[in-house]
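Let's take a walk through this protein together, starting inside and working outwards. Keep the 3D view open as you read.

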Amino acid sequence: MSKYMHLHHNRFSLRSLIIVFGLALSLASCQSDFIPKPKGYNRIDLPEPAFLPLAGDLPYRFEYSKYALVEADRFNPEEKEWINLHYPRWEARVHLTYKALDGQRTTLKAYLDDALSLTSKHQIKAYGIDEMVVRTPAGYAGMVAELTGEVPTQFQFLVTDSTSHFLRGALYFNTAVKNDSLAPIIEYIKSDVMHLINTLDFSTSEFASRQK
C-alpha cells in the first residue's frame with residue numbers, strides 16, 4: 001500500500017532507541033517498504049483517503065486527511081506549535097507536540113526519554129507493543145509504536161532531524177467504545193498518520209525565514 005511505502009525499518013525495543021539516536025541517528029541506506037500485516041475486521045464504510053497540505057506559521061509541514069480539522073491545543077495554549085488533528089466523525093484526535101532542539105545530543109536524549117516514558121506507561125494495559133525505527137523520504141529518523149489492547153492511545157510516533165526539530169504524535173479516541181470495535185477506524189487513521197510521516201518536512205517556509 002502506498003501510504004506505508006518509502007519507510008526503511010528495523011525492529012528494536014523501545015529502550016534501544018536511545019542507543020540508535022545516540023549513534024548520530026544513522027540508519028542503513030538501503031530502502032524497503034513497510035507493508036502492514038493484513039487484518040480482518042467487520043465491514044465499516046470508510047471514505048477514500050484524501051489529503052490537504054498543512055498551512056500556518058508552524059515549524060513543520062505535512063499532508064493530513066481532508067476529513068480532519070486542524071485545532072490548536074486548548075489544554076496547552078502557551079505551546080503555539082502543538083496542534084490536534086481532529087476527526088469529528090469518529091471523535092478521534094492525533095495530538096502533535098513539537099520541540100525545538102539546540103543541536104545538543106543531551107537535549108535530544110531528554111526528549112526521547114520523555115517520549116519513551118509516555119509510551120511505557122501503557123505497557124501494563126497493552127496486550128502488545130509493536131515498534132519500528134524508520135527513516136522518512138526526507139531523511140529524518142523516527143519511531144512508530146502500535147499498541148494493542150484497551151489502551152488510551154493505539155498509535156504513537158516521533159520524528160526528528162536530530163539537530164533542530166522534534167515532533168511527537170499520539171492517537172486518542174474520545175469514546176467509550178472498545179478498541180476491538182474501533183479497529184477498522186484505528187487502521188484507517190494509522191494509514192493517514194503514516195502518510196503524514198512520509199510527507200513531513202521541517203525545512204519550512206515562513207517559520208524558517210523568521211528564525212534566521
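Are Tyr60 and Tyr98 buried or exposed? Both of them are buried. Bear in mind as you look around that this is a predicted model.

These two tyrosines also meet ring to ring. A pair of aromatic rings is described by the distance of the centres and the angle of the planes. For Tyr60 and Tyr98 the centres are 5.7 Å apart and the planes sit at 45 degrees, which makes this aromatic pair tilted. Tyr60 lies in the loop between strand 2 (51-53) and strand 3 (63-65), while Tyr98 belongs to strand 6 (residues 92-100), so the pair ties together parts that are 38 residues apart in sequence.

Tyr60 has another ring partner to look at. The whole structure holds 6 aromatic pairs. In one of them, Tyr60 and Phe62 have ring centres 5.9 Å apart and planes at 5 degrees; that pair counts as stacked because the planes are under 30 degrees apart. Phe62 is buried, just as Tyr60 is. Put the ring pairs together and Tyr60, Phe62 and Tyr98 form a cluster.

Now widen the view to the nonpolar core. The largest one has 36 residues, and the members that touch the most others are Tyr60, Phe62, Leu85, Leu96, Phe157, Phe173 and Ile189. Who supplies this core? Strand 5 (83-87), strand 6, strand 7 (126-135), strand 9, strand 10 and helix 3 (179-199) each bring at least two residues. Helix 3 gives the most, with 9 residues.

Leu96 is a handy residue to click on here. Setting aside neighbours within four places in sequence, Leu96 contacts Phe62, Trp82, Ile83, Leu85, Phe157, Leu167, Arg168, Gly169 and Leu196. There is also a second, separate core of 11 residues, and among them are Leu101, Leu108, Ala145 and Leu147.

Next, follow the strands. Strand 10 pairs with strand 6 in the antiparallel sense over 9 bridges, and with strand 9, again antiparallel, over 6 bridges. To find your way between them, use Ala100, whose bridge partner in strand 10 is His165, and Phe157, whose partner in strand 10 is Gly169. Strand 10 is mostly covered, with 8 of its 9 residues buried.

The turn between strands 9 and 10 deserves a stop too. Ser162 sits in the loop between strand 9 (153-160) and strand 10 (165-173). This hairpin has 4 residues between its strands, and Ser162 takes a positive phi near 80 degrees there. Is Ser162 buried, exposed or partly exposed? Its relative accessibility is 22%, so Ser162 counts as partly exposed; the cut-off for buried is under 20%. Across the fold, the C-alpha atom of Ser162 is 9.5 Å from that of Asp102, a residue 60 positions away along the chain.

Finally, step back to the whole protein. It has 4 helices and 10 strands, and from the N terminus on the elements run β-α-β-β-β-β-β-α-β-β-β-β-α-α. Of its 212 residues, 49% count as buried. Among contacts with a separation of 6 or more, 59% join residues 24 or more positions apart. On the outside, the accessible surface comes to about 10800 Å², with 54% of it belonging to carbon and sulfur atoms.

Note on methods. Residues numbered from 1 in each chain as written. Predicted model: local features only at pLDDT ≥ 70, side-chain atom pairs only at ≥ 80, totals over all residues. Heavy atoms only, no water. Buried < 20%, exposed > 50% of the residue type's maximum accessible area, 1.4 Å probe, protein only. Phe/Tyr/Trp six-rings, centres within 6.5 Å; stacked < 30°, edge-to-face > 60°. Core = buried A, V, L, I, M, F, W, Y, C linked by side-chain atoms within 4.5 Å. Contact = heavy atoms within 4.5 Å. Areas by Shrake-Rupley, 256 points an atom, 1.4 Å probe, with all protein chains shown as cover. Pairing = 2+ DSSP bridges.
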